[in-house]
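Work through the following exercises with the sequence and the coordinates at hand. Each task is followed by a solution in steps.

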2 protein chains.
Amino acid sequence: MTIPASAAGGAGGRRSAPTVKDIARAANVSPMTVSRVLSGGNNVRPQVREHVERVIAEVGYRRNENARRLRQGNRSGLVGVLITNIGNPYYAGMLQGVEEVVAKTGRRIMVGVTNEDEQLERQLLSDFLGRQVEGLIVVPVGEDPDRFSIESLAGVPLVLASRSIAGTSADAVLLDDVRGALEATERMLAEGHRRVGFLGNQVSVSTGRRRLEGFRLAHRRLGLEPPDELIRLGQQDVTSAEQAMDSLLDLADPPTAVFAANNRNTVGAIRAISKRRTAARARHGVVPTVRLFGFDSFEFADMSPVPLSIVDHDPTELGRIAAQMLFDRLSGEDTRPGPRLIELPVHLVDFA
Amino acid sequence: MTIPASAAGGAGGRRSAPTVKDIARAANVSPMTVSRVLSGGNNVRPQVREHVERVIAEVGYRRNENARRLRQGNRSGLVGVLITNIGNPYYAGMLQGVEEVVAKTGRRIMVGVTNEDEQLERQLLSDFLGRQVEGLIVVPVGEDPDRFSIESLAGVPLVLASRSIAGTSADAVLLDDVRGALEATERMLAEGHRRVGFLGNQVSVSTGRRRLEGFRLAHRRLGLEPPDELIRLGQQDVTSAEQAMDSLLDLADPPTAVFAANNRNTVGAIRAISKRRTAARARHGVVPTVRLFGFDSFEFADMSPVPLSIVDHDPTELGRIAAQMLFDRLSGEDTRPGPRLIELPVHLVDFA
DNA sequence: CTGTTAGCGCCTTCAG
DNA sequence: CTGAAGGCGCTAACAG
């Protein structure tokens, strides 16, 4: 898997890049003078400075930021971002927000995809720390808080995004999952639905757990208990969500309403419902109606073929805030000893 | 904008990380022995090795990859990826494919967003090169090939993705834009449409130019010439695409069919058409029908409220191939002097 | 204003 | 098997 360094692409081949020494030699000055010119040219005679600049331009010299940063206290200018899946537009949006804020500080993001694999996340964390990231923004996988302890992170600040882990001292930006799920479910119950289905993540994922909690809470407030047969957990993608929704609709006594606890499940539910509608229309049967409520928006939510309400919020904003929290720590502006927790509000939106 | 290094986040504060020297001292061996242990422990007495490993674990030492790579010939293990917008699911998909392949080689991706700004792209390129990326994958902005010359890239291999630039010697993975647009347009013309609209990118973007070319070509083959008033260029996002579609529909003699040359324009067109349908239904007017053909798929294409066909392909696969081409150069497997160009096929899909 | 010295953290080289 | 010397590319710190 290792690939030789020597080879270079295309025509030309890459010879070892020029260094300050090369420039110094070519310009008949000391490396230090070159370094000074590179850093703005203070304390360099204008004439010398111009000469060095010309040589730099001619040779096409570019300073090695890594070597520079090594000497300067080892700040890499990198922020590590770990997400579970770029294909989910939710995380893509989050990534966009993170990049936006990180880029403003002149830093860059290194992106890793954990694919919901805790082992892989561990490796990536270790790799990122070895590459001297200045900070980390992570959508965590699994429940073990150990890997996020200050010791294992060597003091590198961390912000958990969207999901939290019990027992960490890390900062986190979350959504008001419980309230969102609670209000959505209350709405459906108030509309008279008494068999409400639930499609969500594993309870080992904090968002899955919290949204299920809100769902249950809404029922209990009315003295109800949602039956287990209406609850489907662990669907990570649209296909499995669609299957889960199918299984709900195949029940002898199917739900009249469904709460889909994230956008993958909402999309899958919409697909399952549409499919049945089309089939029913084809054989002139009864077109089934299911009241659908989702969590997380997506591009076509407002044009869904199935009437839909959404517990909405902006993942890009969540990404921005996560990055901002990180820089508050990095800059020393935020010095509180304990973790800082932000819960973003959500709001309900109806799409006829 | 610069942020002090000393400050560290959270409880504890970050003291300067332990180095091989620290471990060596604590284990009563030379730094070299520690280094050997870190590299697998060859030529180290098992007993010493174990002892050093224990110390490493206790102290929580982690080796500084950047320093290591500096000594070892300056291979950073980083691939720079520049895309115009993560919010576009098309590019998010591409990024996913790139990450997947890059991760398999043990490298990481550094991601920059150019936001269709050529100046910003230049800065990011320079920044990435300074950080010693081993290769670059870029969705280019603008038409100037200069910034991609071998000299300005210092021999770092580059693969252009999705879009090309005339006059570069860089490798590229593109789509068969011309054929896709040609076949789509031919279909609509064969269906009898004679006023076909076009929504696309600026012609300064290669995809915009090539897709428009295919559109024109289809007309000319029938001895037709598409009227300028039906062509709208430069929409970068859904909102402006929707406005452009509105303007087409507002024409005295509106198009009966429209070709949307990328997914942002397709989505915008769908929105514009739906909006009018809803309005027409409300006042019991005539529900307008427009034959719509898009380029690039998107999640809800098959559930579009407007009948739709798509010139389809897989952006994730495009990302994978781009990364593979890069590694073919890096590994020296691909040594051809000139650029390598891959055009991926597209296929037409109909969604009732 | 300019150069010299030294060292960031690590590893290649060579000598034991 | 182990260590000492030296240097990757760059720049603080100090001397002139």
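**Exercise 1.** Of the 24 residues around DNA strand D, which come nearest?

Solution. The model is a predicted one.
Step 1. The residues that come nearest to DNA strand D are Val20(A), Tyr61(A), Thr33(B), Arg36(B) and Arg71(B).
Step 2. On the side of the nucleic acid, sugar and phosphate make up 62% of the atoms of DNA strand D that come within 4 Å of the protein.
Step 3. By class, the surface near DNA strand D divides into 10 nonpolar, 7 polar and 7 charged residues.

**Exercise 2.** Identify the atoms through which Val20(A), Ser30(B) and Arg71(B) approach DNA strand D.

Solution.
Step 1. For Val20(A), the atom is a backbone N or O, 2.6 Å from a phosphate oxygen of DNA strand D.
Step 2. Ser30(B) places a polar side-chain atom 3.1 Å from a phosphate oxygen of the strand.
Step 3. Arg71(B) has a polar side-chain atom 2.6 Å from a base nitrogen of DNA strand D.
Step 4. Val20(A) and Ser30(B) are thus paired here with phosphate oxygens, and Arg71(B) with a base nitrogen.

**Exercise 3.** Assign the surface near DNA strand D to helices, and relate the helices of chain A to the database annotation.

Solution.
Step 1. In chain A, α1 (20-27), α2 (31-38) and α4 (65-71) each supply at least two residues of this surface.
Step 2. In chain B, α2 (31-38) and α4 (65-71) each do so as well.
Step 3. The largest share, 4 residues, comes from α4(A).
Step 4. An unreviewed UniProt entry lists residues 18-72 of chain A as "domain: HTH lacI-type".
Step 5. The span 18-72 of chain A is 67% helix and 0% strand, and its end C-alpha atoms lie 20 Å apart.

**Exercise 4.** Describe the domain division of chain A.

Solution.
Step 1. Domain 1 covers 5-63, domain 2 covers 76-175 + 316-345, and domain 3 covers 177-312.
Step 2. Between the C-alpha centres of domain 1 and domain 2 of chain A the distance is 37 Å.

**Exercise 5.** By what operation can chain B be laid on chain A?

Solution.
Step 1. In general, two copies of a chain are related by a rotation about an axis and a shift along it.
Step 2. Here the turn is 180° and the shift along the axis 0.0 Å, with an RMSD of 0.1 Å.
Step 3. The relation is therefore that of a two-fold axis.
Step 4. The same surface serves both copies, as 100% of the contact residues of chain B recur in chain A.
Step 5. Within chain B, Met110(B) comes closest to the rotation axis, with its C-alpha at 2.3 Å.

Definitions and conventions: Residues numbered from 1 in each chain as written. Chains lettered and ligands numbered in written order. Predicted model: local features only at pLDDT ≥ 70, side-chain atom pairs only at ≥ 80, totals over all residues. Heavy atoms only, no water. Domains from an automatic or database assignment. Least-squares fit on C-alpha atoms with pLDDT ≥ 70 in both. Contact = heavy atoms within 4.5 Å. Near = heavy atom within 4 Å. Polar contact = N/O pair within 3.5 Å; in protein donor to acceptor, adjacent residues only side chain to side chain. Nonpolar A, V, L, I, M, F, W, Y, C, P; charged D, E, K, R; others polar. UniProt positions renumbered as here; feature names shortened; annotations may be inferred.
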